[in-house]
Amino acid sequence: MNVRSHVSAAGAYGHRDWKAICSIDAIPRLGARRVRRDAGPDVALFRAADDHVFALLDRCPHRGGPLSQGIVFGHSVACPLHNWTIELADGCARAPDVGCALTFAVMVEAGQVYLDLCELATRGVAAVAASAA
């Protein structure tokens, strides 16, 4: 299987330092898997029924609920705390709710899921630390 999945608007597949995370089969269809980081909250990997893989900060923009524990349907996830629907491609809440979860570039190649190493180390770390202070 050679699937190319969602890449954020921040860039294309090239010119990135990709880190192998897991096999696509390690993420359940219509489910999620958490990726722990040294600093900052976890990243959630989501796998849609069509095998597209998406990555978001594992925090709902509403109250910080763990999106990885939500129900995946289509290319969306329902937050387990207050049932907000978050679009997996852009991290934005579906109206009438407002807010966005941070997205991460993800690539699937030859059945392996990769995340951008720089984004893993930096994205969402400072903003979340500042909000906790």
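This is a stop-by-stop tour of a predicted model, with selections to make in the viewer.

**Whole chain**

Start with the cartoon view of the protein, which has two helices and ten strands. Followed along the sequence, the elements read β-β-β-β-β-β-β-β-β-β-α-α. Of the 133 residues in the protein, 44% are buried.

**Strands 5, 6 and 7**

Select residues 71–73, 76–78 and 85–87. These are strand 5, strand 6 and strand 7. The three strands form an open sheet in the order 5-6-7, with antiparallel pairing. Strand 5 and strand 7 are its edge strands, each pairing on one side only. From one strand to the next, the twist averages 25°.

Now look at the contact between strand 6 and strand 7, where three bridges join the antiparallel pair. Which residue of strand 7 stands opposite serine 76? The residue is glutamate 87.

Next select asparagine 83, in the loop between strand 6 and strand 7. Its phi is positive, about 65°, although the residue is not a glycine. Asparagine 83 counts as exposed, at 56% relative accessibility.

**Strands 9 and 10**

Move to residues 106–109 and 112–116, which are strand 9 and strand 10. They run antiparallel and are joined by four bridges. Valine 108 stands opposite valine 113 in strand 10. The hairpin has two residues between the strands, and alanine 110 takes a positive phi near 55° there.

**Leucine 30**

Go back towards the start of the chain and select leucine 30, in the loop between strand 1 (18–23) and strand 2 (31–35). This is a residue other than glycine with a positive phi, near 55°. Leucine 30 counts as partly exposed, with 42% relative accessibility.

**Proline 96**

Select alanine 95 and proline 96. The peptide bond that joins them is cis, with omega about 15°. Proline 96 is in the loop between strand 7 and strand 8 (103–104).

**Cysteines**

Show the cysteine side chains. How many disulfides does a search of the whole structure find? The search finds one. It is formed by cysteine 92 and cysteine 100, whose sulfur atoms are 2.2 Å apart. The torsion about their S-S bond is about 90°, so the disulfide is right-handed. Cysteine 92 is partly exposed at 23% relative accessibility, and cysteine 100 is partly exposed at 47%.

Then select cysteine 60 and cysteine 79. Why is there no bond between them? The sulfur of cysteine 60 has its closest cysteine sulfur in cysteine 79, at 3.8 Å, which is too far for a bond; the cut-off for a disulfide is within 2.5 Å. Cysteine 60 counts as buried, at 4% relative accessibility. Cysteine 22 is also worth selecting: at 6% relative accessibility, cysteine 22 counts as buried.

**Largest pocket**

For the last stop, select Lys19, Val35, Arg36, Arg37, Asp38, Ala39, Leu117, Leu120 and Ala121 and turn on a surface. These residues line the largest pocket, which holds about 150 Å³ of space. Which element gives the most to the lining of the largest pocket? Helix 1 (residues 117–122) does, with three residues. Colour the lining of the largest pocket by class to see five nonpolar, four charged and no polar residues.

Conventions:
Residues are numbered from 1 along each chain as its sequence is written. This is a predicted model: local features need pLDDT of at least 70, side-chain atom pairs count only at pLDDT 80 or more; totals for chains, interfaces and linings use all residues. Side-chain values use heavy atoms; hydrogens and water are left out. Two strands pair if DSSP finds at least two bridges between them. Axes are lines fitted to C-alpha atoms, for helices over the stretch in contact, and angles run from 0 to 180 degrees between N-to-C directions. On a 1 Å grid over the protein atoms alone, a cavity is a set of points where a 1.4 Å probe fits but cannot get out, and a pocket is an open set with protein on both sides within 12 Å along at least five of seven lines; lining residues have an atom within 4 Å of a point. Grid points are joined across faces, edges and corners, and a volume is the space filled by probe spheres set on the points. Ala, Val, Leu, Ile, Met, Phe, Trp, Tyr, Cys and Pro count as nonpolar, Asp, Glu, Lys and Arg as charged, and the others, Gly among them, as polar. Buried means under 20% relative accessible area, exposed over 50%, partly exposed in between (1.4 Å probe, protein chains only).
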